[in-house]
Every structure is written in structure tokens, then in C-alpha cells.
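Dear colleague,

Please find below the structure that I am handing over to you. My findings follow directly after it.

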Amino acid sequence: MAAASEPAPLPAVRPPVPDRWRRRLADPTVGIWLAALGVTLLGWIVVTVRGGEFLTQPNITGILQNCVALGLIALGQTMVILTGSLDLSVAYLASLGTLVAAETMAGSDGNMVPAVLAVLALCLGVGLANGLVVTRLKVNAFIATLGVGLILRGWIEDNYTGPAGEVSRSFQRLGYDRIGPVPVSVFLLVAVALALWFVLRRTRLGHHMYATGGDEHAARLSGVRTERTVLIAHVLCALCVGIAALFLAARFGAGSPWAGTEARYDLESIAAVVLGGTILAGGRGGVLGTLGGVTVLAVLDSVFNQLAIDPFFKNVLRGVVIIAAVAVYARGRRRAGRTG
Amino acid sequence: MRTHRAGRRVGRLARRRTAAALAAVLAAGLLVSCSSDAPAEGPPDPAGSAQPEGEGEAQEAEFFEEDEYQRQLALSEETPEGPEGRPWEQMLRPEMVSTEEYALPEGEGIHLCFSNAGVFNPWRQVGLTTMEAEVAQHEEIAEFTVLDAEGKDDKQISDIQNLSEQDCDLLIVSPNTTATLTPAVEEACTRLPVIVFDRGVNTDCPVTFVHPVGGYAYGAAAADFLVENVEPGGKILALRISPGVDVLENRWSAAELAFEDSELEVADVEFTEGDPAVTKSVVSDAIARHGSIDGVWMDSGATAVAAIEAFEDAGLDVPPISGEDQQDFLQAWAERDLTAIAPGYPTFQWRTPVIAALKVLRGEEVPGEWVLPQPVITEENRDDYVNEDLPPLHYGLCGCEDLPGYPQDWGGR
Amino acid sequence: MTTTTATPVQGPVRLGTRLTQTLGTALPVYVLLALLLGALAVTDAGFYEPDRFLAFVRRAAPLVLLAAGQYLVIVSGHFDLSVGAIVTTGVVAAAEIYHGFPGAHWLVVTLALVAAGALVGLVNGLITTGLGVPSFITTLGMMLILEGGVFYWTGGSPTGYLPDDFRALGRQDAFGWLPWAVLVCAVVGAAVWWLTRSRWGRTLIATGDSERAAELSGVATARVRTLAFVLSGAAAALAAVLVGGFSGVSAQAGSGMEFEAITAVVLGGVLLGGGRGSVLGAMAGAFALTALFTLLNLRGVSGSLEPTVQGLIVIAAVAVGAANWSRWRRRSPSRNDQPPPPGTHATTPPAGPPPATETAPPTTAPPTTAPPTAAPSKENPSTGGPTA
């Protein structure tokens, strides 16, 4: 790693211990995982009081399983948001990915590798397109990725009349196998998260991403090739979506033209990222927080399920939770800013 | 909807422990011995093998199956078996299957579980209300657990897994998508009796699959009506909700066939996303573009009134039009004395799975595929379904008039 | 840094520059609109008959209202994603009101809806400015709350009918020829245009341009912005009245409209991130989008390909706008010599996706320290944190 991009050691003045604790708690990553723990506990108490069982194996498996698709997409979204961009095309890309995977595989194990490659190639292409429109054509990411999403939507609608293709039996096991209570797909999620964590924290690219998102102008002045950084972030995001699409295809056994949009992965992934403490303007946050955000959403869903809460009311609660969480972060940040 | 064949269930399969040989493709290090929730060696997949290869033309053919089309047209002419005036208990060409193996001891409270695709449109809302009222009628149902997938395939798969591991006596599934829930339903079949309704899945493992005649019959009924009532050479505007929804694709492919055989010209096929504002714009533009429109075919009725208004706002007579059994359309039809027809995709089918479930748990025979009649509302019987006290988006074919809580629970006065 | 109007925090801007700049940001949309209207004339000879053209304007009216409201929020550096949900909620709520009170006067119901929309906007604004929640998240949460809430209230689908007198605003004509919706649209458009030229409007734009600078010059930025949200909410509710009037009861009247409105505003040359663009451009963007939809219908483009065409055109139009702009910028580097607002990028408003490069205020931090400043801050949240 070049010395130029290595952050200088932070000022050595250590704050007094209680202050450090307070800071640690104000850190959104710690906060969101504490919240996940809290929500789980609360859910356990409420469900138990009402005579149900919360921490059963099927339930734990279900919660973990529900983290995977949204988690993978939200991880990708984290990368673009950190660099100060945004990706609204993820939902359509996820749908198209499941279709490409299932059609290429056509039910045979032999086509598994070509199918995986085809999906990743598709995503590479879409990621490049997003990135190039944002960096070269200078179109705001919001509009650029919304536009690319529309293009994908037209493509899907013009070519598919419903679920298509078939995933091979052994590929389906990615969606259904588990080790004890832990679905194997969770390992996939963790592996991707670790890889991205490594990129962000241990490579020059990662530092460039934080720098670009923090202050693009300053980053450029200090020699960061910001455009390339944003482009790579978009490609990484699209690849994560591709992996999510492969997982979804394994779970569905087929490709589904509406899977991504019906699950509202575009807005939900952004919500999860922000819930995880990553700042929407870029430059601060990380993958661990995002995983926490996804976990909170999955646990909440499970609690809502157990309590048979009206699906419409669920949305109200979700909206309140998202706003409240981000308000708490903003407050924590302001406080930290004052004391520091 | 792909054909779902009734037949034998797959035997209960124990969960198998095997070594996964797959995960290496995606991420290294996932090779550990693990349990699988996937159905091992499921039945041969009828849809998978029936699927045409290639893209483009073949894609369109995917949703047209000649045999099924012919079968539906024949079924819609037949008289169903079963009690008069209770279409949700009637059945067409039933082939009964034994359900003795599922019979519960007498007098035991039943725990019924239901994995619902969601309540994201008024049709499903009316349906769920109807189903809940049906459940309330039966004292032997001690518990009724509903998980709502909010239109997400992935969540519905988890819901099905979750329910099949609870102490449910029987699982009812209303799939969000045909193909994508197949593995989950197959898995659930190994644990408890399953009843699927509305859309099918690509497996015959459920005890029964409850559904009305189907999309081909729906589309053909509307198209045939236009063929009869529009002068030869007339221009037809086809309004569809959105592409890629299998049930709706079937309706259109049957209509397309009927129009091809007629002397009518399909001037435009447009998607409205079920949005009345879009519908109104699309219809006005079509009138402007073609000078006149002589007939309107719709794949569902949610926006039929908006289409009618578009003609009125343009100062034109409303041409023959097909809609659905929603109150606003039925009332507009009656008030304006239109030439119209309303094929239904009846919401009364939400009652049937509950009735079937109780039969199964009593060990009584049920049809392996429970085909319900699919009434078509015409000018003669329209007034039987009009009820001004009900909400505009209420479906007239709910068969819910005799249920407790009617009409307040359905939003009526 | 750059605005279409002189702001209290900036030195006088030469008239010539101002003109170029106005054209530079909104010119592409006027060209696009002219092209589309031309194409419509070629496609359909009858398009410019008064009736037909007014019907077209009526069709565009709800989106124009949404764009005008959205403009106020965007130019102040924020987003309003809740407007689509406000439209849906407004239509369903109106039906519910008429279900309960069949005889309600249309004006009362309309005013109640607009007031409720303004209230939603007020909540959006207070949460965003008071609690420091990014508006993208506030309004996304509000969207979930409204959509969930209204259907929880009505049991899943609208329960009542909209009577004809309520629907007149969206469906009938005034004086027998002028659609009410066109009148409403014109009045609201003129009002918003006037507002943007008022003192409040100028401070709003200044706030979007640089919050810090506006604050230093004594602007109560929170109040100014909150009012923008209130107006956006009210405009959305009024759009709901028009949509409900135009097409009647629906459970998804406003779905996707938030994205259409933002697209329209951006097409109109308004910069996401705030501080630049005109409301006329935003409204022209709404007309252009509606013209595009109409053209696709009239040309008989396959329904399923419409999104693709729409996506391509939107990207292309915005890209053209962006390209013109940067070229123009390069030719006049003097525009950059404004006094750099203090504080780093991190002190800019907690807006949604960060502003494009052009708005990023030059940092006061020495460039070489930038990476550490922006580096992962979990270990030390105070580094580069808001200086509030």
C-alpha cells in the first residue's frame, strides 16, 4: 500500500475512558448491533409472553435466510453509497439476474459454471454502464441508475412473459441447505461481507472510496482518481447484486421477472444501508453496519410474523423504525462532534 | 399458468444429510456437511420438460398450451357437480383422491395455516376477508395462522418453511409466482398435507389444487363477446395490466387467438399497470391515433371504468367493452346501459381451500384438482351482482353474502 | 457557488452571465420539449386542436404540480420521496371521507386534503431539519408510513366513491372549454414562480447552494427548508385531488410518481443537491415527460419497450445538460473564485445522494490531509464530523 493513501495515524491524544465508551456507543456500527440484540430480546420476550416460541431452529434459520438476498444487495449498495453515489437499478438487475441464471442453467448441472459466469458478466456490464453514465456523462447517480433501471425493465418486459428457465437441482441447494440452524447462503453473505470489508479497510481502493465519498474535491486534489473509484464501486455493487440474483435463482428454482421489484430491493437496500449507520452523502460507514441493519430488519420481520401484525401496519412500523434509527445516529454524531 | 396435473403425492421423505458439492462455484470454503431443506429428488418436473427451448418466439409460446386451452374452453361449457347456488363447493370433472392418511382424530382442534402471497390488491383483500369469514364459520378450527409474504417470493419461501415446521395440521398456499415456489412447496409436502389455490406450482405433490377454470377461458370469453358484438373490421384496443404475469399472459394469448380467427383488427396492445390515470391517457391516445376504437378488451377490470370515462370525455359512445366483476364497473355498466361483459376470476375460490382442508383432515375424498366454475357476468345476470352498498373495488363474485360479518367486513354499509 | 438568482451571500452577478447560466441549466429541457412537441405534431395532425391540446395539459397537470413542489425541496438541497404516497393516500382518503360523509362539500374535502398534505410536509421538514435525518430517509420512511397507514385505516382498498362535484376539478372544464386542472396548474405554477423570486425563494436557493454561507448571513435555514417541504406536501395533495378527479378511485393512484417528479425536475436542469435551477425548467421537465409518454403511446411503441425508451431519453437529456454545463464552466473559470465557504464537505446538508462535483464546496482543509479526514471514521467519529 502506498504511503500516500495510508491515513496518517490519528492524533495520539486519547480521550478519557468514559468518553471513549460513550463514543463507542455512539458509533452506529456498535449501535445497530446492540439494536439487533435488543430487538431480538424484545421479540423473544413479547412472543414468549404471548405463548409462542421465538428462538426455535426454524425461526432462527428463517431470520438468517431472510438476511441473505437483501444483505448481498445492501452490501453492494454500501459500496456505492460510501463513494457518494447511489444505485436504484438493483431491483431490476436482480430480477434479470435470476432469469439469466435459470435460463442458462436450463436445469442441468453442467451449465452451472456458464450460468454463474453469464450472470456475473451481465452485472459487470450493468455496473460499468451505471458507473460510466455517472462518471463520464456526469449524470447524477439518482437519475442515471433510475434510467438504467428503466432500460432493464423494458428489456425484461419485452423478453419474458413470466417465470422462466430452470435451476439445476444441485444448484438449488445453495438456497436450501443448512449447517445446523445456519443456511449455507449465510456463509456466502459473510464471505462477500468479509471480502468487501477487506477491500474497504485494507486496500488503497478502500481508502480512495472513503476519501471520494467524504470529499470528492479534496480527494481529487490529493491525487485520488475519483472517477475510477466511483466506477469500480458501481461494478462491485452490480456484482453483489449478481450474487444475490444467483442465490435467489437457487431459492426459486427458476427465474422470476418481478422478484426484485416486488421485494423493493432498491429502496429497502438503501434503507438497510442507512439503518446500518452509513451516511447517505458518503464517506462514512461500512459493511459491518449494513449487516447489522439487515439483521434488524429481518428480526423485525420475524417478530411481526409471529405476532401476526397486519401487513399494512408493518409498513408503518418499518417507516417509523427507519426514521427513528437515523435520527438517533444524527443525534449521536452531533454529540460526538461537540465533545470532540 | 402452467398445467398442474393432479396425481399421487410424493411419499414423505426424511430430511437427508449429504455432502454439498456445489458451493465452491461461488465462494470457497462452503464445503461442509449440511442438512438440506430442499426436496431431494422431487418428482419429474412437468413444466421444466415441457418448456420450449430458445428465446424470442418460443418465449411467447411458453404461455400457450394448446391442450390446456382446449380443456378450459370445454370446461367452461360444462355443468359442475355440487350444491346448487354454492359455486365454491362445486367442481368440474372431479377425479377424487383418498385422503384417509391425513385424517385427524375426532374432536381435536384443528390448526390451519396459510401462506398468503400478499394483500397488495383489492382482489386479494376481498379474497382474504372471505377466507377469514369462512374460517370463522367452522368451530372445529381452533387456530388459523396467516403469514403474509407481501408479494415477495423469497419471503413466501421462508414463510412456507416456517409454517411447515410449526404444528400446523394442514398448510394452504396461495403462491405469489408459479414456478418459483415449487421447491418450497415440494419440501412442505414431505411434512404435512398442502393445498394450493389460485396460482399453481409446478409439482403435483399437494393434496389438491383449487382453482377456477383458468386464464384461457377468461380471455376467450371476453374476446368472443367482442367478436360477436363488434362489426367485422372493427378496431380493438387491448388493455393489459403488465407483462410477465403468467395468469394474465394466458388471458391475452387466448384472446389473441380469438381475434386472429375473427375479422377484427387489434389496433393496439397497451399496458396500464392497473393505474386508471394511465388507462385514461392510453385510451384517449388510442382514439386519437386510430380515429375510432370499436371494442375494448381488458385482461382485468380494475381500470375498466377509467376506460369508459375516456370515451365519454372524448364525447364518444362507449364501444363494446369487457371488464370484471368489480362493483364500479358493474354499476357503470348498469347506469349507462353499455354493451359489456364481465368474465370473472372469482374471489369465492378463497372459501374452497378451507372447505377442502376440513374434508382432508376428516379423511373425506377431495378432487385431486378442484376445478371451480368460472362464472361470466352478462347482461342477463348482471343485476344479481350489483350492490351499491359495497365499495367500488369490491368483487361481485365473492360468494360471501351468506358469511358472518357481511357486508361490513368487506367495507360495505 | 452558482445560482440563477443573486443571493444575499453572493456578490452581484452580471446580467449576461446570469442569462447564459439560466439557459445553460434549463436550455436542454426547452429544446427537448420543443422536439417532443414537434414530433407530436408530425405524428398526430390533430394534436394542436384546442381541445386535444388542453386535454394534454390537463393530463400533465398533476405531474407539473408535483414537479413544482419537488423543485422547492430539491433546490433547497433535499428530496421528497413521499409525494407519490401522498397522492395515493389523498385519493384513498377522499374516498374514505365520502364513504363516511356522503354529503361533504367538495371544497371542504379538497381543503382538508391540502391541509393534511401540508401537515405531512411539515412533519417531513421538522424531522429533516430538526432531527438531522437525511430527507431521503425521512421521506422514504414517510412513504412507508403513509401507504401502510392509509390501507390499514381503510382495510386494504378504497371504500367509497368520489362524487362528481369533487371530481370536477380533475375532470370538468371551466366556462365549457378550459379544464379546471389547467387553471389550477397555471395558478400554482405562477404562485411558485413568484415565490422563488420572493425574498423567501432567494434564501431557499441560497440555503441549497451553501447552508453554511446562508446561515452565516443570518438565514434561518431550518425554517426556510421546512416551508419548502410543507409546500411540496400541499402541492402533492392538490395533485391527488386532480388525479382522483381525472381517473376516479384507485388503490395505486400515485405509485411511482415520486420518481417521475424527481426525473421531471432533474430534466428541467435543476441540480440534485440544491442551489441551482429554475422552477420553470422543472415544470417544463414535467411537460416534457408527459409529452414523451404521449408520444410513445401515439407512435405505438410496444408497451413493454416504453420503459427502455424512457430510460434512454432521460439519461441522454440529463447527460446533454451536464455536458453543456461543464463545457461552459471550463470556459469561465472565474465562476470558481467565490469565497470558499468554511467547513468541509461533511458540513454540507445531510442531503440525499451527494451533489455532483460542481456543488462540492471547495474545502478549507489542506488537500493533503483529505484522505485521513475522510477516512473511516468509526474509530473517531469527531473527525470531519459536523461542526454544529
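In this predicted model, helix α10 (residues 304-313) of chain B packs with helix α11 (residues 327-336) of chain B at an angle of about 35°, and the axes of the two helices are 8 Å apart. On the side of α10(B), the contact is made by A304(B), V305(B) and I308(B); α11(B) contributes D328(B), F329(B) and A332(B). By class, the residues of this contact of α10(B) with α11(B) comprise five nonpolar, no polar and one charged.

A second point concerns the strands of chain B. Strand β7 (residues 194-197) of chain B is covered on both faces. V194(B) and V196(B) lie on one side and I195(B) and F197(B) on the other, and all of them are buried. Strand β7(B) has parallel partners in two strands, each through three bridges: β6 (residues 170-174) of chain B and β8 (residues 208-212) of chain B. In the pairing with β6(B), I195(B) of β7(B) is opposite I172(B). Towards β8(B), V196(B) has F209(B) opposite. The connection from β6(B) to β7(B) involves helix α6 (residues 182-189) of chain B, and these three elements form a right-handed β-α-β unit.

Helix α5 of chain B should also be mentioned. It covers residues 153-164, which makes 12 residues, and its first and last C-alpha atoms are 16 Å apart, close to the 16 Å expected at 1.5 Å a residue. Because 12 of the 12 residues of α5(B) are buried, this helix is largely enclosed by the rest of the structure. The buried residues include charged ones by name, among them D153(B), D154(B), K155(B) and D159(B); I157(B), I160(B) and L163(B) are buried as well.

In chain A, I would draw your attention to one loop residue. V167(A) is located in the loop between α6 (141-159) and α7 (169-176) of chain A. Is V167(A) buried or exposed? V167(A) has 34 other C-beta atoms within 10 Å, and the threshold for burial is 20 or more, so this residue is buried. Leaving aside residues up to four places away in sequence, V167(A) touches A101(A), A102(A), M105(A), Q172(A), A249(A), A250(A), G253(A) and A254(A). By contrast, V328(A), 161 residues apart from V167(A) along the chain, has its C-alpha atom 44 Å from that of V167(A).

With kind regards

Terms used. Residues are numbered from 1 along each chain as its sequence is written. Chains are lettered from A and ligands numbered from 1 in the order in which they are written. This is a predicted model: local features need pLDDT of at least 70, side-chain atom pairs count only at pLDDT 80 or more; totals for chains, interfaces and linings use all residues. Helices (H or I, at least four residues) and strands (E, at least two) are DSSP runs, numbered from the N terminus. Two strands pair if DSSP finds at least two bridges between them. A crossover is right-handed if, with the strands pointing away from the viewer, the path from the first strand over the helix to the second runs clockwise. Axes are lines fitted to C-alpha atoms, for helices over the stretch in contact, and angles run from 0 to 180 degrees between N-to-C directions. Two residues are in contact if their C-beta atoms, placed from the backbone, lie within 7 Å. The expected span of a helix is 1.5 Å times one less than its number of residues.
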